[in-house]
Amino acid sequence: MFWFWFYQPLHLLMVACLCHSIKAPTTSSHQSFNTNLFNFYHSLILADGKETTVHLLKDIPKRYYFALEEDRALAPFTITVTPCDVPIEWSILVHKASASFLGKAERGDHGSQEVSMFQKAPSMVSTIFNYKGNSVETYMGMSSHSALYMLEFLSTERDTHITVYLTTDTTSGHLYPELPIDPRIDVIGIGHTTVTLTWKHSPSVLQHRDNIQYCLLVNEKHNYKSLCAAETAIRSSGMKVPPTLALSLSPYLLEPQQVMILSKSELSIINKVSSGEVRQVCMGTKNTYTVPNLSPSTQYYFDVFVVNLLTNASAAYTGTFARTLEEPEPKVRELKDGKMIQVVLDGKKQKFYSLQYQARHKKIQFTFQLCRGQVRVHISKNGKAVTSENISGLRYFSLKGKLLDTYLVQLSSTEESNSSVKVQVSTHFHKPLFPLLPESLKIKSFSKLRTCNSVTIAWLGTQEKSKYCVYKKRIEEHQVWTELQSADRCSGPESRPKSEKVLCKYFYEINLQRAVTTETIKGLDAGTLYLFDVYLFGPSGIPIRYHSKIVKTRKKC
């Protein structure tokens, strides 16, 4: 059955005069017949000097044919096959026919008896190469003008696609960039979040520096043997890869130091590395690169491709892998009973800040006051988690245990900007550090009571007699967002100029439904923005800052 598939189109292809540039028949008696044959079988002919994409269906072989110019007795040729997904099987078979038959086939004057004898000569067909796998494989051979070649491809795992490149021109350069004699990637440095790589220069870089660049692919799964294999894996994972941003690089897509990030949603090109499933960094012709922003104690796979920007063709170095160093254990700071400390967290660099306390009583209380940003608190006792939550404002945790229990408090910023929080642990529940707080710390303003030179504000009080101080600050329109975001809720009025102070007063109300106090601030400028703050002082003297309120006076009255 196999020989039928080889010979069935063979004599028809001969009639069409198979060569790297198919020549249409010119005799009037055969022109119509031979043209129809050419139209039917031209898709089976492998183009010379061009990369061809071949789509394979599972368990269905696909065959391509080629022959060389009739006036060349011996000619070198090269075939490169790049699997873009699963391993495939492919073979090269050659049929050595007589020169007289090829000559008759070209002229179209062969007889049916000769064709029959030609088809019944399986001994003239031989397999000169076969391969199974998913690596990029190249075959170099020497062809006779009286030989017809067939390439057969088969995928036994699933539907897939490959690229095939045939060339008989060995003098004008290569479609694919050249690899050095030693194509390995060397790992020369490993850190907690970085890996430094180096590799030997491609000869193509030395010859065509302007048209060649290196691209590095980083992922946590495995090495890729070609760029098209990486693209196929990314597509099959469900990620959208826009056609204009395919992994086949174009000079107008990627500039040196640009980064291609393939995240769980969309592929995009950005100017710095960020987290993603696959990172691709193109660094021009530099052959040393430090990959930043990696996760500690994680294994990464690195592939380097040398890319021809004019043809989009690429060649793969031998991939490598490396594991980043384990993250160093954070320094643990001891908490002292009753002493409050303030912790500043860097959202970009510092992952955790750890505090430890050994209990000297069975009952203890942790107090957290959020000063800026967003902070998450995790408390464990003797290695077992007790609680974990994001905090806002003032938060108490009352815990019960045994003497000498060891508590570990871990603080982390949940945003990239800096965050800060005050922390205290105490066994003296009857001596609260902070004043009794109202139900809400919001400041309200009354629009109907707003004039050109005065503003009336109100806030909630408590049943406990406390001191309240009001401060004002004149601001501009462009300062509103900055003032609200940068406010330190732990800072007291001592950090503010005396000129901003409006007044201080004492207030309390037994009936909480009536625990509201108001204040009218006069002497303001018309049509001007003011920021108002209220500070609540308890018995210990530590202030609690209400949420800032911005009010604009009327322009006309």
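These legends walk you through several close-up views of one predicted protein model.

Residues are numbered from 1 along each chain as its sequence is written, and side-chain values use heavy atoms, leaving out hydrogens and water. Because the model is predicted, local features need pLDDT of at least 70 and side-chain atom pairs count only at pLDDT 80 or more, while totals for chains, interfaces and linings use all residues.

**View 1. The whole chain, with 8 helices and 35 strands.**
Helices (H or I, at least four residues) and strands (E, at least two) are DSSP runs, numbered from the N terminus. Of the 557 residues, 45% count as buried; buried means under 20% relative accessible area, exposed over 50%, and partly exposed in between, with a 1.4 Å probe and protein chains only. Contacts (heavy atoms within 4.5 Å) are often made across the sequence: of those with a separation of 6 or more, 75% are between residues 24 or more positions apart. The chain exposes about 29,400 Å², and carbon and sulfur atoms supply 51% of that area. Accessible areas come from the Shrake-Rupley method with a 1.4 Å probe, and for residues only the protein chains shown count as cover.

**View 2. The largest nonpolar core, with 24 residues.**
A nonpolar core is a set of buried Ala, Val, Leu, Ile, Met, Phe, Trp, Tyr and Cys residues joined through side-chain atoms within 4.5 Å. Which residues have the most contacts inside this core? They are L355, F366, F368, I379 and L411. Strands 20, 21, 22, 23, 25, 26 and 27 each supply at least two of the core's residues, and strand 22 gives the most, with 4. Apart from this core lies another, of 22 residues, with L46, Y64, F66 and V81 among them. Zoom in on L355 and you will find that it touches, among others, I341, V343, L411 and V423, not counting residues up to four places away in sequence.

**View 3. An open sheet of 3 strands in the order 28-29-32.**
The pairing here is antiparallel; two strands pair if DSSP finds at least two bridges between them. Strand 28 (444-445) and strand 32 (516-521) are the edge strands, each pairing on one side only. Strand 29 (residues 455-460) is joined to strand 32 by 6 bridges, and A458 stands opposite T518. In a regular strand the side chains alternate between the two faces of the sheet. Strand 32 has T517, E519 and I521 on its covered face, and V516, T518 and T520 on its uncovered one.

**View 4. D85 and R158, one pair among 13 salt bridges in the whole structure.**
A salt bridge is a side-chain nitrogen of Lys or Arg within 4 Å of a carboxyl oxygen of Asp or Glu. In this pair the closest N and O atoms are 2.9 Å apart. D85 lies in the loop between strands 3 and 4 and R158 in the loop between strands 7 and 8, so the pair ties together parts that are 73 residues apart in sequence. Both partners are partly exposed, D85 with a relative accessible area of 23% and R158 with 42%.

**View 5. Two salt bridges that involve strand 30.**
The side chains of E483 and K473 meet with an N to O distance of 3.0 Å. E483 is in helix 8 (residues 480-486) and K473 in strand 30 (residues 466-475), 10 residues apart. K473 counts as partly exposed, at 28% relative accessibility. R474 pairs with D525 at 2.5 Å, N to O. R474 lies in strand 30 and D525 in the loop between strand 32 and strand 33, so this pair ties together parts that are 51 residues apart in sequence. R474 is partly exposed at 48%, as is D525 at 36%. Elsewhere, salt bridges that share partners join R496, E500, D533 and R545 into one network.

**View 6. A nonpolar surface patch made by V187, I190 and L325.**
Patches are made of residues with over 30% relative accessible area and no salt bridge, with like charges joined within 9 Å and nonpolar side chains (Val, Leu, Ile, Met, Phe, Trp, Tyr) within 5 Å. This patch covers about 210 Å². Where is L325 found? L325 is in the loop between strand 18 (320-323) and strand 19 (332-334), and it is partly exposed, with a relative accessible area of 39%.
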